[in-house]
Structures are given as C-alpha cells and as structure tokens.
Amino acid sequence: MSHRPSSGLAAVSTALLAMSRHLEVRDVLKTIVASARDLLDAEYAALGVPDDHGGFAQFVVDGVSDAQWKAIGPLPRQHGILAAMLREAKVERLADVREDPRFEGWPSAHPEMSDFLGLPIKDGDEVMGALFLANKRCPRQDGGCGFTEDDEELLGILAQHAAIALTNARLYERSRELTIAEERSRLAHELHDAVSQKLFSLRLTAQAAAALVDRDPGRAKGELQQVAELAAEAADELRAAVVELRPAALDEDGLVNTLRTQIQVLDRAHTAKVTFDTCGIKALPAAQEEALLRVAQEALHNALRHSGADRVDVVLVRRGQGALLSVTDDGKGFEPRTVRRAGRHLGLVSMRDRASGVGGTLSVESAPGKGTTVEMEVPGG
C-alpha cells in the first residue's frame with residue numbers, strides 16, 4: 001500500500017476507532033459499512049448478517065437513499081455472489097459483477113453496479129457476515145476492476161477488526177438482555193410477594209367488614225377504612241414496580257431517540273410510510289416520557305394493524321414546558337358515535353388512562369374514510 005498517502009493510515013485508524021466506540025450491533029454494522037465505503041472511495045457499500053433460513057437477519061447499506069432503499073423492496077435472499085461469499089468464505093473481486101455466471105439480477109429500483117469487491121467477516125471458522133463494495137470512484141485501467149489488490153488488503157484488515165467489534169457488540173447486547181431478564185424476574189418476585197400479601201389482607205378485612213355491617217356498624221366502618229388503606233398500599237406497590245420496569249432504551253437513549261429508532265424499524269417492516277418529526281423537545285420527567293412512548297406505540301399499532309393506512313405521521317413538539325404528541329394516519333377511520341366500542345378495540349381507554357395518569361390529556365379525531373389523529377399533551381416537570 002505504498003502508493004497510498006500517509007492520510008490513508010489516518011483514515012484506517014479513524015475507521016477502527018469509530019467501530020470500537022459503539023456497543024449496539026446495529027450501530028457497529030452501520031459504522032463498518034460507512035467506514036469501508038469511505039476508506040475505499042466506493043459509491044456503494046453493504047453488509048449482510050445471515051440468518052438460519054436462507055435470508056439475512058440484518059442488512060445494512062450505505063450510499064443508497066432511504067426512498068431508494070424502500071423502493072428496492074424486501075431484504076435479499078442468500079443467493080448468487082452473496083451466497084458464495086458466505087458459503088466459500090473467500091474474497092471476490094470482479095471487473096463487472098453483472099457478467100459473473102453466478103449473478104442472478106436485482107430489483108428494478110436497485111442501482112446499477114459494475115466493479116465489485118466483497119469478502120466475508122469471520123470469527124474463527126464462523127462467517128458472521130458478508131461485506132461488499134461496488135463502483136470504485138476512480139478511472140478504470142484497461143477495462144479492469146476499479147478495486148485493486150491494495151484495496152482488497154485494506155478491506156481485509158477492516159474486516160478483521162469488524163469481526164472483533166461485532167463480537168463485542170453481540171456480547172454486550174446478550175449481557176444487557178440477561179441483566180434485564182434477571183432484574184425483571186427479581187421485580188416480579190418482589191411484586192408477587194408484596195402485592196399478594198396486601199391483597200390477601202384486603203380480602204380478609206373486606207370479609208370481616210361484611211360480617212360486622214349488620215351487628216356492629218361502627219366496627220364495620222373501621223374495617224372498611226382499613227380496606228381503603230390496604231388498597232392504596234397495593235396501588236403504591238404496583239406503581240413503584242411500573243417505574244422500575246421503565247423501558248431500558250428510554251433510560252439510555254431518551255424519548256426522541258427511542259421513538260425515532262422504533263419508527264424507523266416500523267417504516268421498514270410495513271408497507272405504509274411511517275415518518276417522525278420533532279422540534280424543541282427537552283427532557284421530561286420519567287413518567288411523562290414513558291406515557292408518551294406507550295401512547296405512541298399503541299397509536300402506531302392501531303394505525304398499522306387496523307386502519308389500512310398508506311401513511312402514518314408521528315410528530316412530537318414542545319408545548320410550553322411540556323410536550324404534544326400527534327399520531328396521524330390516512331386510513332379508514334371510524335364513526336365517532338361508535339367511539340365507545342372502538343375505544344375498547346383500539347386501546348383508547350388505556351391511552352386516556354396513561355395520559356391522565358401523568359396530568360395530561362388525550363384526544364382522538366376520526367371519521368369514516370378520513371383517517372384518525374391521536375393527540376396527547378403532557379405538562380413539564
């Protein structure tokens with residue numbers, strides 16, 4: 001790699017440091033792809049992590065717009081050259097990928113690609129994924145591949161470190177999942193013990209009050225006061241458990257980033273276009289943030305599963321010291337006169353309870369053929 005300027009080593013160092021900074025698998029994959037594309041000056045880059053069913057569990061691209069990626073359609077299967085890289089675990093450097101006998105075409109919206117460089121990412125004998133680049137941005141010589149042997153060597157170095165970063169990210173996520181599972185199990189036991197005792201006492205006290213109501217109303221009144229106190233204590237135990245079970249992503253990433261990530265996933269998973277826009281949001285009390293997240297999730301579920309919408313827009317903006325959430329779809333809507341029945345079906349009662357529980361309000365506007373808008377406003381801290 002003697003022809004490369006010294007800045008090339010700096011670029012490699014930057015790429016490796018960027019990979020080591022991330023702990024989430026998805027972030028590591030995106031960093032690997034972006035680093036490889038930038039390092040080798042390619043027009044396109046992608047990385048596929050195989051599943052056990054002939055497809056890809058994850059597939060990350062760089063150089064393709066969101067609109068173009070969505071138009072391409074479902075994730076590719078393991079076929080053609082991608083399958084060869086995963087199966088044979090060797091480097092592929094081609095002058096024109098379309099002329100390779102293993103090439104099986106691509107969707108109509110797929111960008112045209114010619115010169116190609118791909119190699120597997122391996123951890124020992126395990127093939128963790130396939131990393132490939134296309135369309136080297138440089139003049140070709142003698143009609144050959146734009147990617148050189150030096151590029152191949154450089155990408156190999158990157159892939160070795162990518163395997164380490166990806167392994168670390170997987171271990172981190174597995175550790176976090178185990179920690180969360182253990183914590184939830186602990187809380188479940190504590191909740192069962194504490195609330196069960198309260199409910200048992202509540203039942204006995206209520207039975208005592210019922211037995212005394214005719215012959216000793218004064219004592220019965222005292223027992224009923226004890227029922228109220230026990231019920232309040234049980235409610236406090238439940239509320240404390242709910243606070244402890246606050247979504248981990250919310251604690252780590254905040255409301256805006258958590259919503260954005262979840263909406264991006266929904267946009268990829270559904271045929272409907274799902275968008276997210278936000279402005280001026282500041283950190284809110286934990287209870288408000290969780291209520292906003294849960295209502296957004298419920299409203300999105302309704303829009304994507306029941307409304308037949310082609311588009312769902314989520315907006316979160318600052319309103320005074322608090323926030324206003326809006327989830328609007330262009331689906332079939334429903335008749336307001338049947339809102340009570342629809343409310344049970346669509347979880348509107350639960351959403352209203354969440355809003356009122358944090359001092360907020362919730363409104364729903366809908367009409368047949370006119371879509372539905374769910375708005376929730378919460379005060380600040």
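Which strands does helix H8 (residues 286-305) lie across, and at about what angle does it run to S8? The legends below, which describe a predicted model, take up this question in the third view.

**Figure 1. Overview of the protein chain in the predicted model.** The secondary structure of the chain comes to ten helices and ten strands. Of its 381 residues, 39% count as buried. Among contacts between residues at least 6 apart in sequence, 63% join residues that are at least 24 apart.

**Figure 2. Close-up of strand S5 (residues 126-136) with its partners S1 and S4.** Ten of the eleven residues of S5 are buried, so this strand is largely enclosed by the rest of the structure. Strand S1 (residues 42-50) pairs with S5 in the antiparallel sense over six bridges, and within the view Ala42 can be found opposite Lys136 of S5. Strand S4 (residues 116-123) also runs antiparallel to S5, to which it is joined by eight bridges, and here Leu119 stands opposite Leu131 of S5. S4 and S5 form a hairpin with two residues between them, and Gly124, in the turn, has a positive phi of about 65 degrees.

**Figure 3. Close-up of the sheet S6-S7-S8-S10-S9 and the helices H8 and H10 that lie across its strands.** Five strands, in the order S6-S7-S8-S10-S9, form an open sheet in which the pairing is mixed. Its edges are strand S6 (273-279) and strand S9 (361-366), each of which pairs on one side only. Direction ignored, neighbouring strands of this sheet are turned by 10 degrees against each other on average. Within the sheet, strand S8 (residues 322-329) and strand S10 (residues 372-378) pair in the antiparallel sense over seven bridges, with Ser326 standing opposite Glu375 in S10. Helix H8 (residues 286-305) lies across S6, strand S7 (311-319), S8, S9 and S10, and its course is at about 5 degrees to S8. Helix H10 (residues 348-357), by contrast, lies across S9 and S10 and runs at about 150 degrees to S9.

**Figure 4. Close-up of helix H4 (residues 80-88) and the strands that cover its buried residues.** Seven of the nine residues of H4 are buried, so the helix is largely enclosed by the rest of the structure. The buried residues in H4 are Gly80, Ile81, Leu82, Ala83, Ala84, Met85 and Leu86. What covers these buried residues includes S1, strand S2 (56-62), strand S3 (92-94), S4 and S5. After H4 comes Ala89, a residue whose phi is positive, near 55 degrees.

**Figure 5. Close-up of the second largest pocket and its lining.** This pocket has a volume of about 540 Å³. Its lining is made up of 29 residues, of which Pro76, Leu82, Trp106, His110 and Phe132 lie nearest the centre of the pocket. The elements that contribute two or more residues to this lining are S1, S2, helix H3 (66-72), H4 and S5. Sorted by character, the lining residues divide into 23 nonpolar, four polar and two charged. Leu82, named here among the residues nearest the centre of the pocket, is also one of the buried residues of H4 shown in the preceding view.

Methods. Residues are numbered from 1 along each chain as its sequence is written. This is a predicted model: local features need pLDDT of at least 70, side-chain atom pairs count only at pLDDT 80 or more; totals for chains, interfaces and linings use all residues. Side-chain values use heavy atoms; hydrogens and water are left out. Buried means under 20% relative accessible area, exposed over 50%, partly exposed in between (1.4 Å probe, protein chains only). Helices (H or I, at least four residues) and strands (E, at least two) are DSSP runs, numbered from the N terminus. Two strands pair if DSSP finds at least two bridges between them. Contact means heavy atoms within 4.5 Å. Axes are lines fitted to C-alpha atoms, for helices over the stretch in contact, and angles run from 0 to 180 degrees between N-to-C directions. On a 1 Å grid over the protein atoms alone, a cavity is a set of points where a 1.4 Å probe fits but cannot get out, and a pocket is an open set with protein on both sides within 12 Å along at least five of seven lines; lining residues have an atom within 4 Å of a point. Grid points are joined across faces, edges and corners, and a volume is the space filled by probe spheres set on the points. Ala, Val, Leu, Ile, Met, Phe, Trp, Tyr, Cys and Pro count as nonpolar, Asp, Glu, Lys and Arg as charged, and the others, Gly among them, as polar.
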